[in-house]
Amino acid sequence: MSWPKPVDALWRELEDARAELLREVDGISQPQSEWRPGPGEWSIGEVIDHLAIAEVATGKLTTKLTKEAATGGAPALFPHDLTEFAALPKPASARLDAPEFVQPTAGKPFDELLATLSAVRERSRQSFDRLAACDPRPLRFRHIHFGDMDLAQWWRLTGEHDRMHLAQVRDVKRASGFPAR
């Protein structure tokens, strides 16, 4: 399916961020994936688990908002005048605490975490099909840290989220005591 330019550009942003993250974790062993740099800090495996959980939540939000819009009689057309999606209300920050419903679980097999992350991204493609078939601007939902955001901003946050946690993964790998294998 051919998406409108803003949808396609946003998808490429997500894919670029994810590809960079996956390159960074390529070859990570199970002990490395479970190692934490300190008390209360996440392991690389927990970061990957968290990213998958958060992306699933955004996919569910997409389904919810687009179904509500369709039920309300909103046209299932992407607006021709929409050439670029809005930026996030404020920059993403690594200093935000993740809400309880997106907290990761420690100790999962790393290969399974990566497989889940890949499967989630494939399902996100369906969400982008929905995004491409509506005007995302009136489809709004409040984020715990960013406030009121439209549906495209939620997906923009997904890419920023990957980048933010990419920096965290790099920090974990550089931390003193990170296992050699």
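What share of the contacts in the chain with a separation of 6 or more comes from residues 24 or more positions apart? Good morning, colleagues. The answer is 84%. I should state at the outset that this is a predicted model.

Let me begin with the overall layout. The chain contains five helices and two strands. Followed along the sequence, these elements give the pattern α-α-α-α-β-β-α. The C-alpha trace spans about 55 × 30 × 25 Å along its principal axes. The radius of gyration is 17 Å, which agrees with the value near 16 Å for a compact globule of 181 residues. Of those 181 residues, 44% are buried.

I turn next to two of the helices. Helix α3 has 28 residues, which at 1.5 Å a residue should span 40 Å; the C-alpha atoms at its ends are 41 Å apart, in agreement with that expectation. Just after α3 comes G73, whose phi is positive, at about 90°.

Helix α5 covers residues 151-174, 24 residues in number. From its first C-alpha to its last, α5 reaches 35 Å, close to the expected 34 Å. The N-terminal end of α5 is capped by D150, through a side-chain oxygen that lies 3.0 Å from the backbone nitrogen of A152.

Within α5 I would draw your attention to T158. Is T158 buried or exposed? Its relative accessible area is 8%, and with the limit for burial set at under 20%, T158 is therefore buried. Setting aside neighbours within four places in sequence, T158 is in contact with L14, E55, T58 and R121.

One of those partners, R121, leads us to the aromatic residues. R121 lies over the face of W11, at 5.7 Å from the ring centre. W11 in turn belongs to an aromatic cluster that it forms with W3, F128 and W155.

How many aromatic pairs are there in the model? The count comes to seven. One of them joins W3 and W11 in an edge-to-face arrangement, with 5.5 Å from centre to centre and 70° between the planes. Both W3 and W11 are buried. Another pair is made by F78 and F85, with ring centres 6.1 Å apart. The planes of F78 and F85 stand at 80°, so this pair is also edge-to-face, given that angles over 60 degrees fall in that class. F78 has a relative accessibility of 16% and so counts as buried. F85 is buried as well, with a relative accessible area of 7%.

My last item is a glycine in a loop. Where is G38 found? G38 is in the loop between α2, residues 30-34, and α3, residues 44-71. At 14% relative accessibility, G38 counts as buried, because burial means a value under 20%. G38 and K173 are 135 residues apart along the chain, and their C-alpha atoms are separated by 13 Å.

To conclude, I return to the opening question. Contacts between residues 24 or more positions apart make up 84% of those in the chain with a separation of 6 or more. The contacts of T158 with L14, E55, T58 and R121 are a local view I would suggest keeping on screen, together with R121 over the face of W11 and the cluster of W3, W11, F128 and W155. Thank you for your attention.

How values were computed. Residues are numbered from 1 along each chain as its sequence is written. Side-chain values use heavy atoms; hydrogens and water are left out. Rings of Phe, Tyr and Trp (its six-membered ring) pair if their centres lie within 6.5 Å; planes under 30 degrees apart count as stacked, over 60 as edge-to-face and the rest as tilted. Buried means under 20% relative accessible area, exposed over 50%, partly exposed in between (1.4 Å probe, protein chains only). A charge sits over a ring if NZ of Lys or CZ of Arg is within 6 Å of the ring centre and within 35 degrees of the ring normal. Helices (H or I, at least four residues) and strands (E, at least two) are DSSP runs, numbered from the N terminus. The expected span of a helix is 1.5 Å times one less than its number of residues. A polar contact is a pair of N or O atoms within 3.5 Å; within protein, one must be able to donate a hydrogen and the other to accept it, and residues adjacent in sequence count only if both atoms are side-chain atoms. The radius of gyration is taken over C-alpha atoms; the globule rule is 2.2 Å times the number of residues to the power 0.38. Contact means heavy atoms within 4.5 Å.
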